[in-house]
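Please examine the following model, with attention to one polar site and to the nonpolar packing.

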Amino acid sequence: MPEIVINYLQYEAEYFVEDLGNEVELDMVLIPGSSFMMGSLEEEEGHDKSESPQHQVNIKPFFIGKYPVTQSQWKAVATLPKVNRELKSDPSYFRDRNSPTEILGDHPVESVSWYDAVEFCDRLSNYTKRRYRLPSEAEWEYACRAGTTTPFHFGETITTDLANYRGTDNEEYKWSGSYNSGPKGIYRVETTPVGSFKVANAFGLFDMHGLVWEWCADHWHENYEGAPDDGSSWFDQLNENDYQNYRVLRGGSWFYNPEVCRSACRNVFVGGLSVSNIGFRVVCTAA
């Protein structure tokens with residue numbers, strides 16, 4: 001087997017901590033503005049036509065969550081006054097095995113719809129007097145890559161020592177548990193605590209590959225023809241109250257194979273639905 005090269009980088013990130021009360025905090029990391037090539041080339045293993053054409057995007061500075069939103073953070077914000085819709089205080093499928101009524105506070109919140117995630121951002125904005133929102137798809141990929149052009153921010157391949165994904169073959173879906181020259185691994189069949197792999201990218205972000213899919217603000221488009229080049233979210237003139245609108249997901253998850261954990265990989269799901277492998281992280285305008 002060829003030598004597997006994983007890039008480990010030291011970093012110094014500028015960040016601030018949002019106090020959500022009851023000793024619950026939200027770490028927000030500053031992402032510097034620049035430009036990058038969004039999407040993937042046809043030669044990249046796992047490339048899909050939805051990742052084309054590769055194109056340059058200019059990104060303005062913004063803050064993004066160091067980790068996906070956790071169950072504890074969700075519960076803290078879900079108790080804040082309603083803006084547009086009700087929120088369950090503990091929507092996640094995964095619970096404490098020893099006490100099923102208890103949440104796993106340091107695990108990512110999941111089983112939340114796109115509309116739930118937007119309501120979370122709205123309540124957090126009202127509480128903090130800062131503008132919180134979901135990342136645009138371009139912001140998400142730029143933050144994930146952190147200056148890299150490889151399939152993953154740590155190199156050409158991925159292992160289950162670095163991220164939570166399905167590292168075993170699945171005959172039903174014809175999924176491979178390995179990517180490129182990388183080895184097969186394990187299948188944990190559940191979420192893990194955020195940051196537990198202790199592998200951050202050059203911006204200081206954790207869990208950008210695997211763990212849970214992350215909602216982006218954008219409507220789904222089949223490719224990048226006509227996509228904005230300024231890092232903004234790509235919206236269509238649709239009825240925003242239509243819960244059947246398709247929204248973008250990024251990052252892969254504990255349930256899926258390593259190929260879809262790539263920085264460039266795109267997925268789509270109905271905004272009004274929720275499943276146990278979809279969560280999100282938040283963005284705050286740098287200004």
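The side chains of Ser40 and His47 are joined by a polar contact of 2.7 Å, where a polar contact is a pair of N or O atoms within 3.5 Å, one able to donate a hydrogen and the other to accept it, with residues adjacent in sequence counted only if both atoms are side-chain atoms. The model is predicted, so that local features need pLDDT of at least 70 and side-chain atom pairs count only at pLDDT 80 or more, while totals for chains, interfaces and linings use all residues. Residues are numbered from 1 along each chain as its sequence is written, and side-chain values use heavy atoms, without hydrogens and water.

The polar contacts between side chains at this site include the following.

| Pair | Distance |
|---|---|
| Ser40 and His47 | 2.7 Å |
| Ser40 and Glu51 | 2.4 Å |

Ser40 lies in the loop between strand 3 (34–38) and strand 4 (55–59), and with a relative accessible area of 3% Ser40 is buried (under 20% relative accessible area, 1.4 Å probe, protein chains only).

Turning to the packing, the largest nonpolar core, a set of buried Ala, Val, Leu, Ile, Met, Phe, Trp, Tyr and Cys residues joined through side-chain atoms within 4.5 Å, has 33 residues, and Trp74, Tyr132, Phe280 and Val282 have the most contacts inside it. Among the elements that give two or more residues to this core are helix 1 (71–78) and helix 2 (114–128), and helix 2 gives the most, with 6 residues. A second, separate core of 23 residues includes Ile31, Ala146, Val248 and Val283.

Terms used
Helix = DSSP H or I, 4+ residues; strand = E, 2+ residues; numbered from the N terminus. Buried < 20%, exposed > 50% of the residue type's maximum accessible area, 1.4 Å probe, protein only.
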